[in-house]
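The report below goes through one structure region by region. It begins with an unusual point in the backbone and then turns to the ligand and to individual residues.

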Amino acid sequence: MDHFTYKDGVLHAEDVSLVDIAATVGTPVYVYSAATLTRHFKLFEEALGWAESHLICFAIKSNSNLAVLKLLGDLGAGMDVVSGGEYLRAKAAGLPGERIVFSGVGKTREEIALVLDGGIRQFNVESEPELQAISELAAARGLRAPIALRVNPDVDAKTHEKIATGKSENKFGIPIAKARDVYAMAAALPGIDIVGVDVHIGSQLTDLEPFEQAFLKVAELTRALRADGHDIRRLDLGGGLGIPYERSNSAPPLPIEYGEVIKRTVGDLGCEIEIEPGRLISGNAGILVSSVVYLKEGEGRDFLILDAAMNDLVRPSMYGAYHDIVPVQEAAAGVEQAPVDIVGPVCETGDTFAKARQMPPVAAGDLVAFRSAGAYGAVMASEYNSRPLIPEVLVQGDHFAVIRQRPSYEEMLSRDSIPEWL
Ligand SMILES: *Cc1c(COP(=O)(O)O)cnc(C)c1O
């Protein structure tokens, strides 16, 4: 459930009309709902209510706007970061280091040093050389860095190949069969404090079965590691729970059911439970509002040309992802729909949001909204075709604020410089 609904025939974000936001801020624009973000975070809190100790670490790569992070941090969320930049965003939003976990397969020495100096809950370590680097940098500071090894359980997440991470052929994690050896090596390093085990098998999972398989393997490993003498007190089970992008025909599992899988598989180990949901918290909490620039009649098909493009929302061209696209002015009941190709203005055929999509009639100047655009939307945007990054707006109840300004053309150009020898 989200808080984007029609009121008096106009799509609203909570109590604010999207027509009003578009008139004030312009289009394209991302609009987020505070009530939806809050609701989704609380669903996970409920789902882990059985666990004596737990932390929900929002995967900020899905949506890293400081206002979104502040809202979730104030609710008690931790943060899962995958770069030095994300770490600094979490800090800037007011998160203490003890609530930030650092994941990622290629942490540089600069990033490791930054995070050691600023404070961190744990490193999720993905390789032996990374372990060595962390130990060295921590020992040089007289510290022991808290770590969990990210294990690769070799399970098929049954999701899009570009976002599956838990098979042995993926670049992620340490093969689970090798994990005991690597833990033994970690225990011998001077700058390392082993605190737990970490796993993350992929994104947009619409079935609980792969989670169950992975968590059972983590439980078995935890018992073995304890028998080896390691104090495994924390399990980080990653993110990945999917959302219904296509409302009409999909119903992925609910957080409460996911929480039951966790309880059933690792609940008896007495570990602190961490999870790293991104998409499920931010995805349906955001929409992208765009204007129709032209209606173009092609041969055998019509094109709806929008002012939003693949540089603003890349998921359709990158993953073939589906987004519901709806008119902001609600279509009259019983009005006939017709198929159109919905495209952006970028000079690539890949700049297509939907093909032969059934839409009610819309005209140039009308507003449309892409649903479920709050995750992996704004964060993946670029300035391709020299289109400035688009603004972000947060709505709460009957008010809204711009939480990222649209840069001017001057600002965009000012970042380049022409060397004096030209
Ligand atoms: C991407 C990612 C997540 C979040 O995945 P979602 O599908 O957005 O929940 C969590 N943990 C790690 C390590 C990730 O790379």
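## Backbone and surroundings

In this predicted model, D154 is partly exposed, with a relative accessible area of 35%, a value that lies between the 20% under which a residue is called buried and the 50% over which it is called exposed. The residue belongs to the loop that runs between β9 (145–152) and β10 (174–175), and D154 has a positive phi of about 55 degrees although it is not a glycine. S386 likewise has a positive phi, of about 50 degrees, and is not a glycine either; its place is in the loop between β19 (367–370) and β20 (392–396). A further positive phi, of about 110 degrees, is taken by G76, just after α3.

The peptide bond that joins T27 and P28 is cis, with an omega of about -5 degrees. P28 itself is found in the loop between α1 (18–25) and β4 (29–33).

## The ligand and its shell

The ligand is surrounded by 15 residues, of which K61, S203, E276, R279 and Y376 come nearest. By class, this shell has three nonpolar, seven polar and five charged residues. The contacts to oxygen atoms of the ligand involve both side-chain and backbone atoms of the protein, as the table sets out.

| Residue | Protein atom | Distance to an oxygen atom of the ligand |
|---|---|---|
| K61 | polar side-chain atom | 2.7 Å |
| G278 | backbone N or O atom | 2.9 Å |
| R279 | backbone N or O atom | 2.7 Å |

Taken alone, the ligand exposes 390 Å², and the protein buries 93% of that area. The space that the ligand takes is the largest pocket.

E276, one of the residues that come nearest to the ligand, also makes a polar contact through its side chain with the side chain of N124, at 3.2 Å. N124 lies in strand β8 (residues 122–125). Is N124 buried or exposed? With a relative accessible area of 0%, N124 is buried, because the value falls under the 20% cut-off for that class.

## Helix α3 and strand β6

Helix α3 covers residues 66–74, and its buried residues are V68, L69, L71, L72 and G73. At the start of this helix, a side-chain oxygen of N65 reaches to within 2.8 Å of the backbone nitrogen of A67.

Strand β6 (residues 78–81) contains M79, which counts as buried at 0% relative accessibility. How far apart in space are the C-alpha atoms of M79 and V101? Although the two residues are 22 residues apart along the chain, their C-alpha atoms are separated by 6.3 Å.

## Separations along the chain and in space

Two further pairs can be described in these terms. E260, in helix α9 (residues 255–266), is partly exposed, with a relative accessible area of 45%. From C-alpha to C-alpha, E260 and E212 are 9.9 Å apart in space, while 48 residues apart in sequence.

S248 is found in the loop between β12 (234–236) and α9. The C-alpha atoms of S248 and L225 are separated by 45 Å, and these two residues are 23 residues apart along the chain. S248 is exposed, with a relative accessible area of 68%, since this value is over the 50% that the class requires.

## A buried loop residue

Which side chain does the side chain of D324 contact, and at what distance? The polar contact is with the side chain of Y322, at 2.7 Å. D324 lies in the loop between α11 (315–319) and β16 (325–327), and D324 is buried, with a relative accessible area of 12%, because that value is also under 20%.

Notes. Residues numbered from 1 in each chain as written. Predicted model: local features only at pLDDT ≥ 70, side-chain atom pairs only at ≥ 80, totals over all residues. Heavy atoms only, no water. Near = heavy atom within 4 Å. Polar contact = N/O pair within 3.5 Å; in protein donor to acceptor, adjacent residues only side chain to side chain. Areas by Shrake-Rupley, 256 points an atom, 1.4 Å probe, with all protein chains shown as cover. 1 Å grid on protein atoms, 1.4 Å probe; cavity = no way out; pocket = protein on both sides within 12 Å on 5 of 7 lines; lining within 4 Å. Sits in = over half its atoms within 2 Å of the grid points. Nonpolar A, V, L, I, M, F, W, Y, C, P; charged D, E, K, R; others polar. Helix = DSSP H or I, 4+ residues; strand = E, 2+ residues; numbered from the N terminus. Buried < 20%, exposed > 50% of the residue type's maximum accessible area, 1.4 Å probe, protein only.
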